[in-house]
Amino acid sequence: GSVVCVKAESSFYKDVAVKRFSPKELSQPEAVRQSCQTEQLVLKSFKHPNIISLLGYCLEEDGMDRVYLVYEYAARGDLSCVLHESENVVSYKQRIRIALGVAHGLHHMHTKETGNPAFHRDVNSVNIVLDESYTPKLIDYGFALYTPREENHSKSRSTFNSSLVSD
(Lines give C-alpha, C1' and ligand atoms only; values in the text may rest on other atoms or scores of the structure.)
Protein backbone atom coordinates (compact mmCIF):
# COMPACT_ATOMS: atom_id res chain seq x y z
CA GLY A 1 0.00 0.00 0.00
CA SER A 2 0.87 3.66 0.04
CA VAL A 3 1.28 3.89 3.81
CA VAL A 4 3.97 1.63 5.22
CA CYS A 5 5.01 1.34 8.88
CA VAL A 6 8.19 -0.46 9.82
CA LYS A 7 10.29 -0.97 12.94
CA ALA A 8 13.81 0.43 12.60
CA GLU A 9 16.86 0.97 14.77
CA SER A 10 18.26 4.41 15.45
CA SER A 11 21.53 5.66 16.88
CA PHE A 12 19.57 8.05 19.17
CA TYR A 13 16.69 5.76 20.21
CA LYS A 14 16.59 2.02 20.81
CA ASP A 15 13.79 1.35 18.33
CA VAL A 16 11.65 3.64 16.20
CA ALA A 17 8.61 3.23 13.97
CA VAL A 18 8.79 4.78 10.50
CA LYS A 19 5.61 5.61 8.60
CA ARG A 20 6.06 6.30 4.90
CA PHE A 21 3.54 8.12 2.74
CA SER A 22 3.91 8.39 -1.02
CA PRO A 23 1.34 11.04 -1.96
CA LYS A 24 1.75 10.57 -5.72
CA GLU A 25 0.86 6.88 -5.33
CA LEU A 26 -2.51 7.88 -3.91
CA SER A 27 -5.56 9.27 -5.67
CA GLN A 28 -5.57 12.38 -3.45
CA PRO A 29 -1.96 13.52 -2.93
CA GLU A 30 -2.95 16.90 -1.47
CA ALA A 31 -5.12 15.21 1.16
CA VAL A 32 -2.18 12.99 2.20
CA ARG A 33 0.14 16.00 2.35
CA GLN A 34 -2.40 17.89 4.53
CA SER A 35 -2.85 14.84 6.76
CA CYS A 36 0.92 14.59 7.30
CA GLN A 37 1.19 18.29 8.08
CA THR A 38 -1.66 18.07 10.59
CA GLU A 39 -0.05 15.08 12.27
CA GLN A 40 3.30 16.88 12.50
CA LEU A 41 1.71 20.02 14.00
CA VAL A 42 -0.30 18.07 16.58
CA LEU A 43 2.54 15.82 17.68
CA LYS A 44 5.09 18.63 17.88
CA SER A 45 2.83 20.61 20.23
CA PHE A 46 1.48 17.84 22.47
CA LYS A 47 3.86 16.04 24.81
CA HIS A 48 2.17 13.50 27.07
CA PRO A 49 2.88 9.89 28.14
CA ASN A 50 -0.31 8.73 26.36
CA ILE A 51 0.37 10.52 23.06
CA ILE A 52 2.89 8.95 20.70
CA SER A 53 6.06 11.02 20.28
CA LEU A 54 7.04 12.23 16.84
CA LEU A 55 10.83 12.01 16.79
CA GLY A 56 11.37 13.43 13.33
CA TYR A 57 10.13 13.68 9.78
CA CYS A 58 11.49 14.04 6.28
CA LEU A 59 10.07 15.15 2.94
CA GLU A 60 11.85 13.58 0.00
CA GLU A 61 11.21 15.65 -3.12
CA ASP A 62 12.54 13.31 -5.78
CA GLY A 63 9.56 13.19 -8.10
CA MET A 64 7.76 10.75 -5.76
CA ASP A 65 7.35 13.29 -2.94
CA ARG A 66 7.66 10.72 -0.17
CA VAL A 67 6.99 11.76 3.39
CA TYR A 68 8.54 9.86 6.32
CA LEU A 69 7.36 10.27 9.91
CA VAL A 70 9.53 8.76 12.67
CA TYR A 71 7.84 7.84 15.96
CA GLU A 72 8.74 6.18 19.20
CA TYR A 73 8.24 2.43 18.85
CA ALA A 74 5.32 0.74 20.65
CA ALA A 75 6.42 -2.86 21.15
CA ARG A 76 3.02 -4.48 21.67
CA GLY A 77 1.37 -2.97 18.59
CA ASP A 78 -2.15 -1.67 18.24
CA LEU A 79 -4.85 -2.33 20.81
CA SER A 80 -7.09 -4.15 18.32
CA CYS A 81 -4.45 -6.80 17.68
CA VAL A 82 -3.60 -7.11 21.37
CA LEU A 83 -7.25 -7.68 22.31
CA HIS A 84 -8.29 -9.92 19.42
CA GLU A 85 -5.22 -11.63 17.96
CA SER A 86 -2.67 -11.88 20.75
CA GLU A 87 -2.03 -15.08 22.63
CA ASN A 88 -1.59 -13.03 25.81
CA VAL A 89 -4.78 -12.36 27.72
CA VAL A 90 -5.17 -8.73 28.78
CA SER A 91 -6.48 -8.64 32.34
CA TYR A 92 -9.37 -6.40 33.35
CA LYS A 93 -6.97 -4.38 35.49
CA GLN A 94 -4.78 -3.77 32.41
CA ARG A 95 -7.86 -2.90 30.32
CA ILE A 96 -8.95 -0.30 32.88
CA ARG A 97 -5.41 1.13 32.94
CA ILE A 98 -5.43 1.32 29.13
CA ALA A 99 -8.84 3.06 29.08
CA LEU A 100 -7.69 5.57 31.71
CA GLY A 101 -4.49 6.26 29.78
CA VAL A 102 -6.43 6.96 26.60
CA ALA A 103 -8.78 9.25 28.56
CA HIS A 104 -5.78 11.14 30.02
CA GLY A 105 -4.25 11.59 26.56
CA LEU A 106 -7.54 12.88 25.11
CA HIS A 107 -8.08 15.18 28.09
CA HIS A 108 -4.61 16.65 27.56
CA MET A 109 -5.38 17.29 23.89
CA HIS A 110 -8.79 18.82 24.58
CA THR A 111 -7.70 21.11 27.42
CA LYS A 112 -4.19 22.12 26.41
CA GLU A 113 -3.33 25.20 28.47
CA THR A 114 -0.80 26.72 26.07
CA GLY A 115 -1.77 27.09 22.44
CA ASN A 116 -4.80 25.57 20.82
CA PRO A 117 -6.50 22.38 21.94
CA ALA A 118 -7.00 19.66 19.35
CA PHE A 119 -9.59 16.99 18.71
CA HIS A 120 -8.39 13.61 17.41
CA ARG A 121 -11.61 12.69 15.50
CA ASP A 122 -10.53 9.11 14.76
CA VAL A 123 -10.14 7.31 18.10
CA ASN A 124 -10.46 3.56 17.70
CA SER A 125 -8.55 0.46 18.80
CA VAL A 126 -6.29 0.56 15.72
CA ASN A 127 -5.20 4.13 16.58
CA ILE A 128 -4.11 3.19 20.09
CA VAL A 129 -0.76 1.42 20.45
CA LEU A 130 0.75 -0.18 23.53
CA ASP A 131 4.34 -0.11 24.68
CA GLU A 132 6.08 -2.99 26.44
CA SER A 133 4.36 -2.18 29.78
CA TYR A 134 0.90 -1.80 28.16
CA THR A 135 0.97 2.00 28.38
CA PRO A 136 -1.47 3.22 25.71
CA LYS A 137 -0.43 5.89 23.22
CA LEU A 138 -2.76 7.67 20.82
CA ILE A 139 -1.57 7.66 17.19
CA ASP A 140 -2.70 8.79 13.73
CA TYR A 141 -3.58 12.47 13.93
CA GLY A 142 -4.27 12.99 10.23
CA PHE A 143 -7.91 13.91 10.90
CA ALA A 144 -7.20 16.03 13.99
CA LEU A 145 -8.88 19.40 14.30
CA TYR A 146 -7.41 22.46 16.01
CA THR A 147 -9.93 24.85 17.57
CA PRO A 148 -8.83 28.23 18.94
CA ARG A 149 -9.51 28.46 22.69
CA GLU A 150 -12.06 31.32 22.43
CA GLU A 151 -14.04 29.54 19.67
CA ASN A 152 -13.82 26.14 21.28
CA HIS A 153 -17.21 25.82 22.97
CA SER A 154 -19.37 27.72 20.48
CA LYS A 155 -18.04 25.82 17.44
CA SER A 156 -18.43 22.43 19.07
CA ARG A 157 -21.96 23.25 20.22
CA SER A 158 -23.13 24.58 16.84
CA THR A 159 -21.68 21.64 14.93
CA PHE A 160 -23.28 19.19 17.36
CA ASN A 161 -26.69 20.96 17.28
CA SER A 162 -26.77 21.28 13.49
CA SER A 163 -26.15 17.56 13.09
CA LEU A 164 -29.02 16.77 15.47
CA VAL A 165 -31.54 19.14 13.87
CA SER A 166 -31.17 18.08 10.24
CA ASP A 167 -34.40 17.80 8.22
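Here is a quick tour of this protein, from its overall layout down to a handful of residues. The model is predicted, so keep that in mind as you look around. The protein is built from four helices and nine strands. Of its 167 residues, 36% count as buried.

**The big picture**

- If you walk along the sequence, the helices and strands turn up in the pattern β-β-α-β-β-β-α-α-β-β-β-β-α.
- Take the contacts between residues at least 6 apart in sequence: 60% of them join residues that are at least 24 apart.
- The protein's accessible surface adds up to about 10300 Å². Carbon and sulfur atoms account for 55% of that surface.
- Looking for aromatic pairs? The structure holds zero of them.

**Helix 3, a helix with two sides**

- Helix 3 takes in residues 92–110, which makes 19 residues. At 1.5 Å a residue, helix 3 should span 27 Å, and its end C-alpha atoms are indeed 27 Å apart, so the expected and computed values agree.
- Which residues of helix 3 are buried? They are Ile98, Gly101, Val102, Gly105, Leu106 and Met109. These residues cover an arc of only 130 degrees around the axis, so they sit on the same side of helix 3.
- Now turn to the other side of helix 3, where Tyr92, Lys93, Ile96 and His107 are exposed.
- Tyr92 has another role in the picture: the charged end of Arg95 sits over the ring of Tyr92, 5.6 Å from the ring's centre.

**Gln40 and Leu54, two buried partners**

- Gln40 belongs to helix 1, which covers residues 29–45. Is Gln40 buried or exposed? Its relative accessible area is 13%, and buried means under 20%, so Gln40 counts as buried.
- Setting aside residues up to four places away in sequence, Gln40 touches Leu54, Tyr57, Val67 and Leu69.
- Leu54 is found in strand 3, which covers residues 54–60. Leu54 also has a relative accessible area of 13%, so it is buried.
- With residues up to four places away left out again, Leu54 touches Gln40, Leu43, Lys44, Leu69, Val70 and Tyr71.
- Tyr71 deserves a second look: Leu54 and Tyr71 are 17 residues apart along the chain, yet their C-alpha atoms are separated by 4.5 Å.

**Ile128 and its many contacts**

- Ile128 lies in strand 7, and strand 7 covers residues 128–130.
- With a relative accessible area of 6%, Ile128 counts as buried.
- What does Ile128 touch, not counting residues up to four places away in sequence? The list is Gly77, Asp78, Leu79, Val102, Val123, Pro136, Lys137, Leu138 and Ile139.
- One name there should ring a bell, as Val102 is among the buried residues of helix 3.
- Ile139 comes 11 residues away from Ile128 along the chain, and the C-alpha atoms of the two are separated by 5.9 Å.

**Ser80 in helix 2**

- Ser80 sits in helix 2, which runs over residues 79–84.
- Ser80 has a relative accessible area of 18%, and the cut-off for buried is under 20%, so Ser80 makes it into the buried group.
- Leaving out its neighbours within four places in sequence, Ser80 is in contact with Glu85, Ser125 and Val126.

**Two loop residues with a positive phi**

- Tyr134 is placed in the loop between strand 7 (128–130) and strand 8 (136–138). Its phi is near 65 degrees, a positive value in a residue other than glycine.
- Tyr134 is in a loop, but it counts as buried because its relative accessibility is 9%.
- Asp140 is found in the loop between strand 8 and strand 9 (145–146). Its phi is near 60 degrees, again a positive value in a residue other than glycine.
- How does Asp140 count in terms of accessibility? Its value is 23%, so Asp140 is partly exposed.

Terms used. Residues are numbered from 1 along each chain as its sequence is written. This is a predicted model: local features need pLDDT of at least 70, side-chain atom pairs count only at pLDDT 80 or more; totals for chains, interfaces and linings use all residues. Side-chain values use heavy atoms; hydrogens and water are left out. Buried means under 20% relative accessible area, exposed over 50%, partly exposed in between (1.4 Å probe, protein chains only). Contact means heavy atoms within 4.5 Å. Accessible areas come from the Shrake-Rupley method with a 1.4 Å probe; for residues, only the protein chains shown count as cover. Rings of Phe, Tyr and Trp (its six-membered ring) pair if their centres lie within 6.5 Å; planes under 30 degrees apart count as stacked, over 60 as edge-to-face and the rest as tilted. A charge sits over a ring if NZ of Lys or CZ of Arg is within 6 Å of the ring centre and within 35 degrees of the ring normal. The expected span of a helix is 1.5 Å times one less than its number of residues. The arc is that of the directions from the helix axis to the C-beta atoms.
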